[in-house]
Amino acid sequence: MTRVRLSVAERRVELLTATVEQIEVRGVAAVRIADVAAALGVSNALVLYHFSTKDELVAAAFAHAAEGDLAHLHKLLGRRTSAVRRLRAAVRWYAPTGPAKGWRLWIEGWASALREPALRSVTRDLDRRWKAVLAEVLAEGVAAGEFACADPGASALRLTAFLDGLAVQVTAYPGSVSRARARAWADEALARELGLSPDALKS
């Protein structure tokens with residue numbers, strides 16, 4: 001079968017998407033340029049034409065995945081509804097029991113970022129941007145009188161730190177925490193930061 005000729009931008013997206021998939025299957029340490037090339041039926045040379053090293057390819061793949069996640073977060077938090085409802089939707093999507101995919105990918109990324117400066121830069125930027133978006137909506141809710149939150153930035157940090165830790169537990173040790181319990185804990189964590197009861201999130 002003749003392959004369709006892609007533009008440079010389209011080819012890069014194809015390579016990055018395939019790299020994300022290979023990382024999820026093999027892990028950052030084990031994935032090779034050859035694995036990505038084989039998955040797409042292209043040569044190693046083509047991959048290296050667009051990304052000169054594996055480290056560059058992996059960092060770009062994580063950045064690509066991060067932009068997709070951030071775009072969805074902005075969509076959830078940009079809805080025309082109360083700040084409480086927007087935050088609840090974001091937390092339920094982000095939590096390890098929600099529809100967000102790729103927790104294994106991000107756990108791999110965090111671990112590898114300890115040794116890879118380029119990847120550390122990507123994951124740090126993602127972390128900063130997630131917290132900034134959540135803090136902004138927390139501040140909007142306070143201004144609207146929906147809830148009390150003395151320090152939106154600190155609340156965003158505590159909330160994401162809790163959800164990240166819960167995701168590691170659920171992903172690394174399947175069955176250690178039931179989906180129902182993990183979801184209840186995520187709701188409780190959000191309610192705590194908003195100074196509300198968990199039942200108030202259901203309204």
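**Exercise 1.** Compare the span of helix 8 with the expected span in this predicted model.

*Solution.* Helix 8 runs over residues 152–172 and has 21 residues. The expected span is 1.5 Å times one less than the number of residues. At 1.5 Å a residue, 30 Å is expected for helix 8, and the distance from its first C-alpha to its last is close to that, at 30 Å.

**Exercise 2.** Which residues of helix 8 are buried, and where around the axis do they lie?

*Solution.* Step one is to apply the cut-off: buried means under 20% relative accessible area. In helix 8 this selects Pro 152, Ser 155, Ala 156, Leu 159, Thr 160, Leu 163, Asp 164, Leu 166, Ala 167, Val 170 and Thr 171. Step two is the arc: these residues lie on the same side of helix 8 because they cover only 165° around the axis.

**Exercise 3.** Which helices do the buried residues of helix 8 pack against?

*Solution.* Contact requires heavy atoms within 4.5 Å. The partners are helix 5 (83–94), helix 6 (103–113), helix 7 (117–143) and helix 9 (179–194).

**Exercise 4.** Place helix 8 in the context of the chain.

*Solution.* Start with the elements: the chain holds 9 helices and 0 strands, in the sequence pattern α-α-α-α-α-α-α-α-α. Next, the extent: along the principal axes, the C-alpha atoms fill a box of roughly 60 × 35 × 35 Å. Then burial: 44% of the 203 residues count as buried. Last, the contacts: among those with a separation of 6 or more, 61% come from residues 24 or more positions apart.

**Exercise 5.** How many positive and negative side chains are there, and how far apart are the centres of the two sets?

*Solution.* The chain has 28 positive and 22 negative side chains. Their two centres lie 4 Å apart.

Notes:
Residues are numbered from 1 along each chain as its sequence is written. This is a predicted model: local features need pLDDT of at least 70, side-chain atom pairs count only at pLDDT 80 or more; totals for chains, interfaces and linings use all residues. Side-chain values use heavy atoms; hydrogens and water are left out. Helices (H or I, at least four residues) and strands (E, at least two) are DSSP runs, numbered from the N terminus. Buried means under 20% relative accessible area, exposed over 50%, partly exposed in between (1.4 Å probe, protein chains only). The arc is that of the directions from the helix axis to the C-beta atoms. Lys and Arg count as positive and Asp and Glu as negative; His and the chain ends are not counted. The place of a charge is taken as NZ of Lys, CZ of Arg, CG of Asp or CD of Glu.
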